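Here is an informal walk through one protein model, from the overall fold down to a handful of residues. Have a look at the structure first, then read on.

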Amino acid sequence: MGRPGLNRRQLLAGMGGLTVAGSLGFAALGTGADALASSARTRVRYWNLFSGGDGANQVAMVDAFRKAHPDVAVKASTLTWGGPYYTKLAMAAAGNRAPDLAVMHQGRVPGFAPGRLLDPWDMDLLAKYGVKEADFNPVLWQRGIVDGKLYALPLDIHVQLNFYRKDVCKKAGLLDADGKLPSATSTDEWFEILKSAKKQLKNGVQTLGLHANDQNFSWWFFVAFYQQLAGTYFNDEQTDVTFDTDKATQVLEFFRKHVTDGYVTVGAADGEAFIAGSPFTWEGNWSVPYFGGEKVDYGAQPLPPVFGTPATHAESHSFVLPHQADRGGAANEGAHMLAAYLVKHATAWAGGGHVPAYLPTFQDPAYLKLTPQNEYSKPAMEHPATEPHIWFAGSTGILAQRIGPVVASSNVGSAKPDAAARRMKSALEQLLAMKNPMDGRTAAQELKGAGA
């Protein structure tokens with residue numbers, strides 16, 4: 001925490017190519033007047049990035065906390081998802097204007113220079129409010145630890161899934177005796193499934209929604225299948241790139257074949273197409289309420305383990321404590337109380353499709369009965385494919401911005417898979433040599449704890 005203050009110009013210039021003007025176009029943050037006007041003893045400012053169904057569930061959870069703890073006034077502000085949110089959060093922490101509590105994708109934690117822009121959790125306070133390490137998946141918990149301190153308290157994991165329509169799959173004879181789609185264990189088996197399903201469709205209806213030209217989905221899907229091949233990115237010291245271009249080419253050729261064989265329509269509105277009759281779409285688990293609301297008879301499973309080893313892309317919404325020079329007192333305790341409550345009372349959140357990180361909820365019989373969650377939650381928790389734990393990774397981070405478009409270019413045919421794989425490796429080499437604008441150190445220097 002004793003590092004010198006971050007230069008604002010350096011911060012803005014280094015936020016991964018984000019448009020600064022756009023980063024200021026947030027949803028109304030409010031001034032906290034409603035909380036300040038309250039007679040509550042404790043006031044907590046809370047930032048999140050949840051909209052749509054997630055936003056509604058989060059509002060309900062915070063409202064439940066307010067009812068249970070009337071002596072704590074929560075000023076909750078929803079900001080624009082993605083890069084703009086992280087730019088605003090970094091600027092607030094650097095300028096000592098940070099909220100008491102915030103949401104962060106776990107993969108973003110290393111880039112926020114823990115100890116400088118993030119404060120560690122007080123484990124005694126978490127324990128006071130019933131949160132302990134034993135109640136979380138150990139791998140998920142450990143990803144939130146930096147230099148022996150917890151910086152990210154996980155709320156969930158959210159994963160990419162293969163959604164399938166049971167009506168089409170049943171006609172194609174693809175469902176098992178339990179009415180579920182068996183997972184394909186090879187690329188040949190997967191394409192046979194698509195071929196069988198396509199025979200049931202009218203002309204012009206795509207077979208699979210692949211988000212072929214979307215940089216974020218392209219990167220997320222790549223992470224999953226590359227990990228199925230046990231692909232790596234960097235050595236343990238984060239000094240060298242270990243990216244395997246042969247394995248990457250294999251994944252990219254797999255993606256491209258969906259387009260060339262006519263199973264994917266580039267640019268299609270994949271979610272809408274699924275509702276309209278497309279038998280498959282690869283989407284995040286946050287689509288569960290959307291598809292469920294349309295009364296589609298569907299199932300959802302992790303992305304098919306076509307390269308032999310199960311792995312589906314996963315991230316985690318986690319709670320963090322943005323750095324405050326004077327952190328402590330009632331507001332800090334209120335932040336711990338609120339985060340602990342939201343983690344422990346995440347039934348509505350789990351109903352929205354997310355896999356709860358808190359094991360008592362994950363193992364709750366009521367949660368285990370939810371469909372289609374009971375089809376994907378356990379394997380997703382056991383076989384998550386995550387981005388490398390490095391400062392430029394994480395949801396909508398610099399890594400996705402650099403690599404995602406390259407994957408998409410191969411998907412749509414503007415680059416050959418082998419050439420795209422080489423471009424990916426070159427981009428990784430450039431990123432590894434870059435310095436984190438938050439602390440002026442390369443990934444290797446950060447890992448060793450070297451001075452800036």
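## A cut-off to start with

Buried means under 20% relative accessible area, exposed means over 50%, and partly exposed covers what lies in between. Keep in mind that this is a predicted model.

Take Q430, which sits in helix α20, spanning residues 417-433. Its relative accessibility is 48%, so Q430 counts as partly exposed. Q430 can also be paired up with V320: the two are 110 residues apart in sequence, and their C-alpha atoms are 29 Å apart in space.

## The overall picture

The protein chain carries 21 helices and 15 strands. Its C-alpha atoms fit a box of roughly 65 × 50 × 40 Å along the principal axes. How does the radius of gyration of the protein chain fit what a compact globule would have? For 452 residues the expected value is near 22 Å, and the chain has 22 Å, so the two agree.

Of the 452 residues, 56% are buried. Long-range contacts show up a lot too: take the contacts between residues at least 6 apart in sequence, and 78% of them join residues at least 24 apart. As for the surface, the chain exposes about 18,300 Å², with carbon and sulfur atoms supplying 51% of that area. On the charge side, there are 42 positive and 42 negative charges, and their mean positions are 5 Å apart.

## S316, tucked between two strands

S316 belongs to the loop that links β12 (312-315) to β13 (317-322). Is S316 buried or exposed? Its relative accessibility is 1%, so S316 counts as buried.

What does S316 touch, once neighbours within four places in sequence are set aside? Its contacts are M104, H105, Q106, L140, P154, L155, D156, I157 and H158. D156 deserves a second look, since a polar atom of the S316 side chain lies 2.6 Å from the backbone oxygen of D156.

## T42 in the β1 strand

T42 is in strand β1, which covers residues 42-48. With a relative accessible area of 3%, T42 is buried. Beyond its neighbours within four places in sequence, T42 is in contact with D71, V72 and A73, and also with A330, A331 and G334.

## Backbone oddities

Two non-glycine residues with positive phi are worth a stop. D147 has a phi of about 50 degrees, and its place is the loop between β5 (145-146) and β6 (149-150). D147 counts as exposed because its relative accessibility is 74%.

Q238 likewise has a positive phi without being a glycine, at about 55 degrees. You'll find Q238 in the loop between α10 (215-228) and α11 (245-260). Buried or exposed, then, for Q238? At 13% relative accessibility, Q238 counts as buried.

Finally, there's a cis peptide bond. Which residues does the cis bond join? They are T371 and P372, with omega at about 5 degrees. P372 itself is in the loop between α17 (365-368) and α18 (373-382).

Methods. Residues numbered from 1 in each chain as written. Predicted model: local features only at pLDDT ≥ 70, side-chain atom pairs only at ≥ 80, totals over all residues. Heavy atoms only, no water. Helix = DSSP H or I, 4+ residues; strand = E, 2+ residues; numbered from the N terminus. Buried < 20%, exposed > 50% of the residue type's maximum accessible area, 1.4 Å probe, protein only. Polar contact = N/O pair within 3.5 Å; in protein donor to acceptor, adjacent residues only side chain to side chain. Contact = heavy atoms within 4.5 Å. Rg over C-alpha atoms; globule rule 2.2 N^0.38 Å. Areas by Shrake-Rupley, 256 points an atom, 1.4 Å probe, with all protein chains shown as cover. Lys, Arg positive; Asp, Glu negative; His and termini not counted. Charge placed at Lys NZ, Arg CZ, Asp CG, Glu CD.
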